[in-house]
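Reader: I should like to go through this model term by term. For each label, please set the value against its criterion and then conclude.

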Amino acid sequence: MVPRNRLYELLIFIALVVLAGTLVREPYYQNVLIFIGINSILTVGLNLLMGYAGQISLGHAAFFGIGAYCSGILTAAHGWSPLAAMVVAAAVTALVAVVIGIPSLKLTGYYLAMATLGFGIIVYIMFREMSQYTGGASGLVGIPPLNIGGWTLSSSSDYFFLVWGLLLVVIALSLNIVDSQVGRAFKAIHDSEIAALSLGIDTSRLKLKVFVLSAVYASVAGSIYAHYITFISPSSFDFMFSIKLVTMVVVGGMASIWGAIFGAATITILPEILHVFAEYDVVVFGIILILVMIFMPQGLTCGVLEAWRKSRRLARKRSIADIHGARL
Amino acid sequence: MDLAAQTLQFLFSGITNGAIYGLIALGFTIIYNATEVINFAQGELVMLGGMIMIALSRGTNLPIPVGFVLSVAAVSFIGALFERFTIRPLRNPTQIGIIIITIGVSILLKGIAMFVWGKETLSSRPFSHMAPIHVGSATLDPQSLWILGITFGILLLLQLFYQKTITGKAMRACAFNKKAAGLVGIPTQKMVLLSFVLSAALGAAAGVAITPITMCSYDMGTLLGLKGFCAVVLGGLGSTMGSVVGGFILGIVESLGAGLISSGLRDAIAFILLLAMLFVRPQGIFGIKEVKKI
């Protein structure tokens, strides 16, 4: 069951998506919105892992890449239907996530960060070196557009509704998980894994589940990305992209599903606004990461909300003080 | 060249790289021991060392020792700023928070370096003008000997510092128990600052020493830092000796693997070793298994 306030949130979201889909006609803006949608799917998944389960992943671009390459290779080189390829890609990613997750998630903190980082880099190097399958550093070309039951997605508008529709599903699923017993167990793991364990929560199983789920989200996002762009190369799935995803989660706020979308949107739009800086936009990313972590460790959305609440509380106090002052 | 000579050649380059990784790993260890912070920007400090050396010596006839000292001093100062403005303001540092902040610093430093020095790969003069040394049918670059010498020299100095000086002992006390160290009057905040300065100095020394061989570009630091980090995990997080040993193991395995199996997979070898170590023995070769207090 979706609680009522969640239902309202989702309805507002649907209304906004439909509004944006019908009003935005400029291909450039549609393109930006599609990327925001794809990155949001990734960020919602990573936020489940980082914000709720408290496990960092510095190699999430790898799952995105596995999805993209599986879809790309199966459709471009073997003539599979995109939908079947997407399902197989998700299954392969889930399998990889299980194999990597079981030993990794025994580790905590720095060790987990190192393991996921190492995994991400190994996968990136494999994309680059297994050139007979992946096309190597120059990339994989000729990926067909997405085709669902005979309907080929051709316009940006089609992709916009597909991506944001899928994001809606991902959000609804994630909100449900967060509100369920599983979600509460995650919060317990986040606060104290030992306390959660002693209350009978099977922490390692839960952590693995959320790890696999977020990997599958990333894989689906990767498949759609591959079909939309029709060309993929290893550099889209490098360490820097993993860091960008972490930045999106951090900016959006840990443990906030809606914040994740805000974070994804901010970090996706930023380079577009900063195009005067060209490649120096990374400097801005660095500064954002540092400032947000120092001043608003719970994320930009939560930080700004809290500051607003604080100022309101202060204002109320002041007005009460004024009334008292007037009486005296 | 026959296989034996080839292997010898790979071994030489492996040992050289190993010394470099060891030196970078030492930088990680110094900071980790004083603060339990893993500094993901360590590789960028190495890059800055190399770049500043190049900037100082380009077009001038600056003696190499002077350039060395100046670049180490400059990077140490950057290390101090780094600690003062990004690590100290943290109110409740979590490991995830520290990871993200130091990654932020690394991106920032990389971007600044790209802005200042551009994207080209630069090189600096070797420390000594000697012909390559021939050992059997393999050759050894004299700069490799410098790198080895600097690594062992620093290791020795570091041991002396930790064992013999009062500041070194204070730093070890901080690493052992920060609160208790504070209670007996050790200025823990200063020790943290010092550890960043020391680590930055080490990184810079590594950068200056390796640029004649590896050359230097703004994005050199990331991979070097990550590999130094693999060396730390191999040796055991927090172990001074382990860092250097881990560095040499990594360097040699990587060089032999790249030479004898596949050069394309060169960079993957370090991370495969890292994962293997983390999954089998996360505390590393020299590390002691962490016991968690509840």
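Reader: Which elements of chain A have the lowest and the highest mean pLDDT?

Author: Among the elements of chain A, helix 14 of chain A (residues 300–327) has the lowest mean pLDDT, 73, and helix 3 of chain A (residues 60–76) the highest, 95. Here pLDDT is the predictor's confidence in each residue, from 0 to 100, and helices (H or I, at least four residues) and strands (E, at least two) are DSSP runs numbered from the N terminus. Where pLDDT is low, the predicted coordinates should not be read in detail. This is a predicted model, in which local features need pLDDT of at least 70 and side-chain atom pairs count only at pLDDT 80 or more, while totals for chains, interfaces and linings use all residues. Residues are numbered from 1 along each chain as its sequence is written, and chains are lettered from A and ligands numbered from 1 in the order in which they are written.

Reader: What are the scores for the chains and for the model?

Author: Chain A averages a pLDDT of 86, with 97% of its residues at 70 or above. Chain B averages 87, and 97% of its residues score at least 70. The model has an ipTM of 0.86 and a pTM of 0.88.

Reader: Why is chain A called as compact as a globular protein of its length?

Author: Chain A has 14 helices and two strands. Its radius of gyration, taken over C-alpha atoms, is 21 Å, and the globule rule (2.2 Å times the number of residues to the power 0.38) gives 20 Å for 328 residues; the two are close, so chain A is as compact as a globular protein of that length. The C-alpha trace of chain A spans about 85 × 50 × 45 Å along its principal axes.

Reader: How does chain B stand against the rule for a compact globule?

Author: For 294 residues a compact globule would have a radius of gyration near 19 Å, and chain B has 19 Å, which agrees. Chain B contains 11 helices and two strands, and its C-alpha trace spans about 60 × 50 × 35 Å along the principal axes.

Reader: What makes T94(B) partly exposed?

Author: A residue is buried if 20 or more other C-beta atoms, placed from the backbone, lie within 10 Å of its own, exposed if 12 or fewer, and partly exposed in between. T94(B) has 15 C-beta neighbours inside 10 Å, and therefore counts as partly exposed. T94(B) sits in the loop between helix 3 (64–87) and helix 4 (95–117) of chain B. Buried residues make up 51% of the 294 residues in chain B, and 46% of the 328 residues of chain A count as buried.

Reader: How do you know that the length of helix 5 of chain B is close to the expected one?

Author: The expected span is 1.5 Å times one less than the number of residues. Helix 5 of chain B (residues 142–164) has 23 residues and reaches 32 Å from first C-alpha to last, close to the expected 33 Å. Its buried residues include W146(B), I147(B) and I150(B).

Reader: Which residues count as being in contact across the two chains, and what is their character?

Author: Contact requires C-beta atoms, placed from the backbone, within 7 Å. By that criterion, 30 residues of chain A are in contact with 34 residues of chain B. Helix 5 of chain A supplies the largest share of chain A's side, 12 residues. That side divides into 26 nonpolar residues (Ala, Val, Leu, Ile, Met, Phe, Trp, Tyr, Cys and Pro), one charged (Asp, Glu, Lys and Arg) and three polar (the others, Gly among them).
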